[in-house]
Amino acid sequence: MTSSTRTAERPSNPSQEPQGSRRNKLAQRPLPPWTWVVVLVASAVVAAALAALFTDFHLGFVFVTTLVLFLVTSYVVTRSRAGRRKANDELCRNLVYTAFILALIPLVSLLWSVTSVGMRGLTEPGFLTSDMMGVSGTTDAESVQEGTSVQGGIVHALVGSLMITLAAAAISVPIGLLTSIYLVEYSRGGPLARAITFFVDVMTGIPSIVAGLFGVAAMSWFLGVLNQAGLISSSRSTMGITAAIALSVLMIPIVVRTTEEMLRVVPNELREASYAMGVRKWRTITKVVLPTAISGIASGVTLALARVFGETAPILVTAGFVVNVNWNLFQGWMTALPVYIYRQFQNPINPSLSEPSYQRAWAAALVLIFVVMMLNLIARIIAKVFAPKTGGR
Amino acid sequence: MSKSIQAIDMNIYYGSFRAVEGVSIDIDSRSVTALIGPSGCGKTTFLRSINRMHEVLPYASVEGQLLLDGDDIYGSGVDPVTVRTMIGMVFQKPNPFPTMSIRENVLAGYKLNGTRLSRSDADSIVERSLSSANLWNEVKDRLDKPGSGLSGGQQQRLCIARTIAVKPDVILMDEPCSALDPISTLAVEDLISELKEEYTVVIVTHNMQQAARVSERTAFFNIAGTGKPGKLIEYAETSTIFNNPSEKSTEDYVSGRFG
């Protein structure tokens, strides 16, 4: 340890050299740390010059040329000064950074465009507190022609999304949790467990519109049976709970998968320690295994919620679209936030003056992204708060 | 409270593979018995079959009888959970529950089973168990800190405290010191010598000096070759096993000439 530290420090610390003038034979000539900045700036300048000469100063051209020039130049410079291994290292590192920046571009640009466009609609008074009752082509036309504020809001869509997502979670979490407990704690890899794993994998790939159609079909059949038995008189299947059933088809496999992973990483020693004290299996599972894995399970469930919160198609075919707040999952149509956005874009309230509808759609999109990001953030916080405590020595 | 153990012609299987063959052994109450032998000879398997932990593994099974004070723990209608409350176990790797504090770890046997304890009962159990595990003075000021924050040796003594908190009749130890440094090992060995005043202790160890130091009787297990079942070769007073064994293979093993 000490010897390696000393050799590593030597080149950067020439005063420790026995003879000041003698060059360390092991040390390489290092490039100054600011090399990459110089190369990057030079590449950008050359690229800008080329763009000005050959194109209409196209920004994309400047960006791509800068990247290519930077990659090539830094490789050549490093190779000529520091050697081939360093140059390869430099090239690969630059490629990794480039890939990272390229991956960030769509995300940042999406966030920026939604925020910049959606902010105006969001700050409109009453956007978060009113529904679309009374908003018609006439009111929209008024707001455009007379410059008054755009009417209408998303409170009904927020309520719908909230109710439907919570109901979907209430259906999926118990089923998913119990399934994964069976898979990890009880199955011992039998044919039933293999079949469940296979079908969960298949369910993961189900297109969401198919899940929606399944929800409609299942609910119609169920209501039909009840109707024939004379228990209810209505057989309208379009309601919030149908959407929740459709979403739970999408959510169950996610919950099963994440929970299964989390339960599998709970060390077997903890289960054995519990059994060895004469604790029954179900108590071992509920008191030892689940608390140890709870952080991962909770964050997995939250991520699954974020995933289904943004679903459009299955809710559109199962819960329909209304303009007023509906808290009742079991009666009447319901609007979800993504469906609201879709409707505002596809069928503007005033077909000839679509501007107010677009503004509402963008603002709703901003809210949707915000909620999904919040759910992701909450998942991280949950994972941190519930994680088994260490330290304290 | 302590109970004797009598194994009668026990065969232990993993699936169709016979891991341990024909073990018959008498273990007195209030004694320390060491199980020694090369790796893979079935001593841990035998140890785990004493409190039916063996059958936690899939496809594991046992033939023969194991009498705890005359009652067969493999008899029909015997609940393995009842057996395990009477026969506690300490594992090779210290495994305190990471979600629980030191205090909760000691009380785990009660809490996990849903037993309600008054505050004063719980306090006295925690103090008594930690004191008998020689850990009380080290942790009494931080009982509410996580158990995983202790050092390895302390964690192992915490696991022993957790085991004796539920007042078992027998304590099984599976190489309890193999992950510990010499000082912690000494602490655990001292503890074992104290535990035999109240409990029957069976300990698996790879460390022959440890077997010689802590045990009164020693059982030597051996295996004829890979894929063959492990067998009990010799079981006698520890001094006999180490100084004057009757079997050639025992002598080879304890003198280090094995294999």
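Me: In which hand does H7(A) pass H9(A)?

Reply: In this predicted model, H7(A) passes H9(A) in a left-handed crossing.

Me: Why are H7(A) and H9(A) called oblique to each other?

Reply: The axes of helix H7 (residues 191-204) and helix H9 (residues 240-264) of chain A cross at roughly 130°. Roughly perpendicular covers 65 to 115 degrees and roughly antiparallel begins over 145. The angle of roughly 130° fits neither class, so the pair counts as oblique.

Me: How do you know that H7(A) and H9(A) meet, and which residues do so?

Reply: Their axes come within 8 Å. Contact requires heavy atoms within 4.5 Å. On the H7(A) side, A:Thr197, A:Val200, A:Asp201, A:Met203 and A:Thr204 take part; on the H9(A) side, the partners are A:Val249, A:Ile252, A:Pro253, A:Val256 and A:Arg257.

Me: What makes H6(A) and H11(A) oblique?

Reply: Helix H6 (residues 155-186) and helix H11 (residues 281-309) of chain A pack at about 140°, with axes 10 Å apart. Antiparallel would need an angle over 145 degrees, so H6(A) and H11(A) are oblique to each other. Their crossing is right-handed. Among the contact residues are A:Ala169, A:Val173, A:Leu177 and A:Ile181 of H6(A), with A:Ile285, A:Val289, A:Ile297 and A:Val301 among those of H11(A).

Me: Which residues of H10(A) meet H11(A), and in which hand do the helices cross?

Reply: H10(A), residues 268-276, crosses H11(A) at roughly 145°, and the axes come within 10 Å. The crossing is right-handed. A:Leu270, A:Arg271, A:Ser274 and A:Tyr275 of H10(A) meet H11(A) residues A:Lys281, A:Thr284, A:Val288, A:Val289 and A:Thr292.

Me: What makes the nonpolar surface patch a patch, and which residues form it?

Reply: Membership requires over 30% relative accessible area and no salt bridge, with nonpolar side chains joined within 5 Å. The patch is about 1,000 Å² and is made by A:Phe63, A:Val64, A:Val68, A:Val72, A:Val76, A:Phe100, A:Ile101, A:Leu102, A:Leu104, A:Ile105, A:Leu107 and A:Val108. As a member, A:Phe100 therefore has over 30% relative accessible area. A:Phe100 lies in helix H4 of chain A.

Me: Which helices supply the nonpolar patch, and which gives the most?

Reply: Helix H3 (59-82) and helix H4 (84-122) of chain A each supply at least two residues. H4(A) gives the most, with 7 residues.

Key: Residues numbered from 1 in each chain as written. Chains lettered and ligands numbered in written order. Predicted model: local features only at pLDDT ≥ 70, side-chain atom pairs only at ≥ 80, totals over all residues. Heavy atoms only, no water. Patch = residues over 30% accessible without salt bridge, like charges linked within 9 Å, V, L, I, M, F, W, Y side chains within 5 Å. Areas by Shrake-Rupley, 256 points an atom, 1.4 Å probe, with all protein chains shown as cover. Salt bridge = Lys/Arg side-chain N within 4 Å of Asp/Glu carboxyl O. Helix = DSSP H or I, 4+ residues; strand = E, 2+ residues; numbered from the N terminus. Axes fitted to C-alpha atoms, helices over the stretch in contact; angles between N-to-C directions. Parallel < 35°, antiparallel > 145°, perpendicular 65-115°, else oblique. Left-handed = near helix turned anticlockwise from the far one by under 90°.
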